[in-house]
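I opened this notebook to record what I looked up in the structure, one topic per entry. The entries follow the order in which I consulted it.

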Amino acid sequence: ETKKKSSIKLDEDYYEFRGISLKQYDIPAMIMLPDETANIGASTRPEITHPDSFLWSITLGTKFKLYIEDFGDYRNRVSNKRNELKEQTLFNIQYLYQSSDLIVYERTLIVRGSKQASPAVGVEHKSWHVYGQKIIDGITYELRSKDEGCSKNIAVLMAKSIKSFKALDQQ
């Protein structure tokens with residue numbers, strides 16, 4: 001796991017987290033999720049849904065929504081995501097954390113407007129995003145925030161959750 005410079009710290013302190021087994025949802029893994037003391041308006045119980053055969057979502061309160069998707073034997077999810085972000089032209093991307101299997105980034109809309117543009121054009125459109133992959137029992141799981149992003153503190157909590165995602169037999 002190659003570490004590059006990071007502006008956020010993802011330590012191993014899971015004090016305000018609780019371990020949840022995903023076995024009953026057909027994922028042989030355990031994940032640490034923020035508990036009610038994490039101060040994110042989260043309810044005490046995560047809501048885990050399985051809307052289609054390869055996709056799950058974990059929701060805590062109104063702000064924390066983590067998607068898990070089964071990508072079978074496709075391995076390069078994070079490097080593919082980095083390439084996709086490099087090629088797009090709508091947003092400036094600033095990486096806050098990078099490793100071989102996890103990225104956290106800030107996305108800022110590039111404002112292109114004319115002098116006659118509405119005053120709202122100057123408003124910064126910023127969001128934070130988390131994207132990771134973990135391989136369990138030969139299956140690559142993509143773990144990510146929602147497409148529109150979230151706040152920075154939710155992104156940091158989500159990144160810690162993704163880092164904790166491990167096979168049940170590795171606990």
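**Entry 1: Val78.** I began with Val78, which is buried, its relative accessible area being 0%. The model is a predicted one. I placed Val78 in helix α1, which covers residues 77-87. Leaving aside neighbours within four places in sequence, I listed the contacts of Val78 as Ser99, Ser100, Asp101, Leu102, Ile103, Tyr131, Gly132 and Gln133. For Ser99, 21 residues from Val78 along the chain, I noted a C-alpha separation of 8.9 Å.

**Entry 2: the surroundings of α1.** I then looked up what helix α1 packs on: it lies across β6, β7 (102-109), β8 (126-136) and β9 (139-145). Its direction is at about 15° to β7. These strands belong to an open sheet of seven strands, in which I read the order β3-β4-β5-β9-β8-β7-β6 with antiparallel pairing. The edges are β3 (47-52) and β6 (91-99), each of which pairs on one side only. Direction ignored, I noted an average turn of 20° between neighbouring strands of this sheet.

**Entry 3: one pairing in the seven-stranded sheet.** I examined β4 (residues 55-60) and β5 (residues 64-70), which run antiparallel and are joined by six bridges. Within this pairing, I found Ser57 bridged to Tyr67 of β5.

**Entry 4: the three-stranded sheet.** I recorded another open sheet, with three strands in the order β1-β2-β10 and antiparallel pairing. Because β1 and β10 (166-167) each have a single partner strand, one side of each is left without a neighbour in the sheet. I counted five bridges between β1 and β2 (residues 29-34), which run antiparallel. One of the residue pairs is Phe17 with Pro34 in β2.

**Entry 5: helix α2.** I checked α2 against both sheets. It lies across β1, β2 and β10, at about 160° to β2. It also lies across β5, β6, β7, β8 and β9, where I noted an angle of about 5° to β8.

**Entry 6: nonpolar cores.** Which residues have the most contacts inside the largest nonpolar core? I found Leu22, Ile31, Phe64, Ile68 and Phe165, in a core of 36 residues. Helix α2 (residues 152-164) contributes the largest share, six residues. I also noted a second, separate core of five residues that includes Val78, Leu85, Ile103 and Tyr105. In soluble globular proteins, nonpolar side chains tend to be buried together.

I followed Ile68 further. Beyond its neighbours within four places in sequence, Ile68 is in contact with Leu22, Ile27, Phe54, Leu55, Trp56, Ile58, Tyr141, Glu142, Leu143 and Phe165.

**Entry 7: Tyr14.** Is Tyr14, in the segment before β1 (17-21), buried or exposed? I classed Tyr14 as buried because its relative accessible area is 16%, and the limit for buried is under 20%. Neighbours within four places aside, I listed contacts of Tyr14 with Met32, Lys160, Lys163 and Ser164. A polar atom of the Tyr14 side chain lies 2.8 Å from the backbone oxygen of Lys160. The C-alpha atoms of Tyr14 and Leu157 are 9.8 Å apart, although 143 residues separate them along the chain.

**Entry 8: the whole chain.** I closed with the totals. The protein chain has two helices and ten strands, in the sequence pattern β-β-β-β-β-α-β-β-β-β-α-β. Of its 171 residues, 43% count as buried. Among contacts with a separation of 6 or more, 54% join residues 24 or more positions apart. I noted an exposed area of about 9,700 Å², with carbon and sulfur atoms supplying 49%.

Notes
Residues are numbered from 1 along each chain as its sequence is written. This is a predicted model: local features need pLDDT of at least 70, side-chain atom pairs count only at pLDDT 80 or more; totals for chains, interfaces and linings use all residues. Side-chain values use heavy atoms; hydrogens and water are left out. A nonpolar core is a set of buried Ala, Val, Leu, Ile, Met, Phe, Trp, Tyr and Cys residues joined through side-chain atoms within 4.5 Å. Buried means under 20% relative accessible area, exposed over 50%, partly exposed in between (1.4 Å probe, protein chains only). Helices (H or I, at least four residues) and strands (E, at least two) are DSSP runs, numbered from the N terminus. Contact means heavy atoms within 4.5 Å. A polar contact is a pair of N or O atoms within 3.5 Å; within protein, one must be able to donate a hydrogen and the other to accept it, and residues adjacent in sequence count only if both atoms are side-chain atoms. Two strands pair if DSSP finds at least two bridges between them. Axes are lines fitted to C-alpha atoms, for helices over the stretch in contact, and angles run from 0 to 180 degrees between N-to-C directions. Accessible areas come from the Shrake-Rupley method with a 1.4 Å probe; for residues, only the protein chains shown count as cover.
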